[in-house]
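Me: Please show me the model, and let us then go through its local geometry in turn.

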Amino acid sequence: MKAAVHTRYGPPDVVRIEEVDKPAVKDDEVLVKVHATTVNRTDCGFRAAKPLLLRFLTGLIRPKITVLGNEFAGLVEAVGPSVTSFKAGDRVFGYNEGPFGAHAEYMSVPEDGSQATMPDGMTFEEAAPSTEGSHYALTFIRKARIRGGQDVMVYGATGAIGSAAVQLLKSLGTTVTAVCDTRNVELVKGLGADRVIDYTVEDFTADGQRYDVVLDAVGKSTFGRCRRLLKPGGTYLSSDVGPWWQNPFLAAVTPLLPGRKVRFPIPKHDQAMVLYFKRLIENGEFTPVIDRTYPLDRIVEAYQYVETGQKIGNVVISVESSS
Ligand SMILES: NC(=O)c1ccc[n+]([C@@H]2O[C@H](COP(=O)([O-])OP(=O)(O)OC[C@H]3O[C@@H](n4cnc5c(N)ncnc54)[C@H](OP(=O)(O)O)[C@@H]3O)[C@@H](O)[C@H]2O)c1
């Protein structure tokens, strides 16, 4: 089968399209014929081994996992003998960080992995980008115990995490102020934001409103800059460690002190989470934002585009159209 393979860490062009063996299916796995996947910031981090400490997990000198791709949507082609909850022909979608393998024509996924049958009426390309940014967003929302009626600011509302966060927050009944640049104001309003601040004309940290939670979904602010935006006891969350790696430290210390807190949760994903996203999609409360779609053969260009830091929502890879 065809797959996007990288055998050393580095820039996008370390990835090449090669013929590799189709994965074997264990007793408790399903074999998925991948129709669509994505290139996202998680793939970029693992491909480049950034941050460097990631190498302790992914292989010190060379990557142990040579086919990346964590989000997938496709057709179940076969199931292992002990699998009962999926069958050949099911349309499935999900998140496979850890084993990866979605940048290929076939991948195997554990039956109890982060997958579910696809919402009705969705194409594979629409379903594939449903779980990466959204699972980071949901982890943040749950860690900060955000609930209906609260005021939340989302900084970087146009990334995969930010665009999902705005929608997930609205589904909970929170009031959302989103920060983005001029060209995306209408898009972000369409995601449900109650108020939009254009960061190219206004300093969002000078906003007069106070928030229960500030969620930095692009990891470009600091707790110090955002502190005054928070109500007493409010929470600051960031998708990144911060310029001095201070966020994990602050997350350990600030909960022990009175006043505003920093939270830095470890992202989690499981089957229940994918089912949660499926329900939101079916209810019309969550639609993953798609920027561009590339065929698998042009995955290097997809990586290059994602690494500009300018993508709006998600970048999809259509595996089918390459076959
Ligand atoms: N290392 C990893 O494994 C990993 C994995 C996932 C996420 N992350 C972290 O999570 C962040 C978000 O990832 P993502 O995939 O959701 O999105 P992303 O690709 O990093 O974000 C792109 C979006 O952010 C907007 N943006 C860029 N600079 C901004 C700024 N200064 N203020 C407001 N918006 C800005 C861009 O639009 P404009 O420039 O037009 O505003 C674009 O729409 C990453 O940057 C990274 O810090 C890391």
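Me: Is Asp 270 buried, exposed or partly exposed?
Reply: This is a predicted model, in which local features need pLDDT of at least 70 and side-chain atom pairs count only at pLDDT 80 or more, while totals for chains, interfaces and linings use all residues. Residues are numbered from 1 along each chain as its sequence is written, and side-chain values use heavy atoms, with hydrogens and water left out. Buried means under 20% relative accessible area, exposed over 50% and partly exposed in between, with a 1.4 Å probe and protein chains only. Asp 270 has a relative accessible area of 41%, so the residue is partly exposed.

Me: Which backbone nitrogen does the side chain of Asp 270 reach?
Reply: Asp 270 is found in the loop between strand E13 (261-263) and helix H9 (271-282); helices (H or I, at least four residues) and strands (E, at least two) are DSSP runs, numbered from the N terminus. At 3.2 Å, the side chain of Asp 270 reaches the backbone nitrogen of Ala 272.

Me: How far apart are the C-alpha atoms of Asp 270 and Gly 113?
Reply: Along the chain, Asp 270 and Gly 113 are 157 residues apart. In space, their C-alpha atoms are separated by 6.4 Å.

Me: Which residues does Lys 143 touch, not counting residues up to four places away in sequence?
Reply: Lys 143 is placed in helix H4 and is partly exposed, with a relative accessible area of 42%. Contact means heavy atoms within 4.5 Å. With residues up to four places away in sequence not counted, Lys 143 touches Arg 263 and Pro 265.

Me: Which residues are the closest to the ligand?
Reply: A residue is near a molecule or strand if one of its heavy atoms lies within 4 Å of it. The ligand is surrounded by 23 residues, and the shell divides into eight nonpolar, eight polar and seven charged. Here Ala, Val, Leu, Ile, Met, Phe, Trp, Tyr, Cys and Pro count as nonpolar, Asp, Glu, Lys and Arg as charged, and the others, Gly among them, as polar. The closest are Thr 158, Ile 161, Tyr 199, Asp 240 and Lys 311.

Me: What percentage of the accessible area of the ligand does the protein cover?
Reply: A backbone N or O atom of Ile 161 lies 2.8 Å from an oxygen atom of the ligand, and a polar side-chain atom of Lys 220 lies 2.9 Å from a nitrogen atom of the ligand. Another ligand contact is 3.1 Å, between an oxygen atom of the ligand and an N or O atom in the side chain of Ser 239. Accessible areas come from the Shrake-Rupley method with a 1.4 Å probe; for residues, only the protein chains shown count as cover. Of the 900 Å² of accessible area that the ligand has on its own, the protein covers 89%.

Me: With which side chain does the side chain of Ser 221 make a polar contact?
Reply: Ser 221 is placed in the loop between strand E11 (211-216) and helix H7 (223-226), and at 3% relative accessibility the residue counts as buried. A polar contact is a pair of N or O atoms within 3.5 Å; within protein, one must be able to donate a hydrogen and the other to accept it, and residues adjacent in sequence count only if both atoms are side-chain atoms. At 2.8 Å, the side chain of Ser 221 makes such a contact with the side chain of Tyr 236.

Me: Why is the pair of Phe 46 and Phe 100 tilted?
Reply: A search of the whole structure finds five aromatic pairs; rings of Phe, Tyr and Trp (its six-membered ring) pair if their centres lie within 6.5 Å, and planes under 30 degrees apart count as stacked, over 60 as edge-to-face and the rest as tilted. The rings of Phe 46 and Phe 100 have their centres 4.7 Å apart, and the pair is tilted because their planes are at 55°.

Me: What is the angle between the planes of Tyr 276 and Phe 277?
Reply: Both Tyr 276 and Phe 277 are buried, and with Phe 286 they form one aromatic cluster. Their pair is edge-to-face, 6.1 Å centre to centre, and the angle between the planes is 70°.

Me: Which peptide bond is cis, with omega near 0°?
Reply: Most residues other than glycine have a negative phi, and most peptide bonds are trans. Pro 51 is found in the loop between H1 and helix H2 (55-58). The cis peptide bond runs from Lys 50 to Pro 51.
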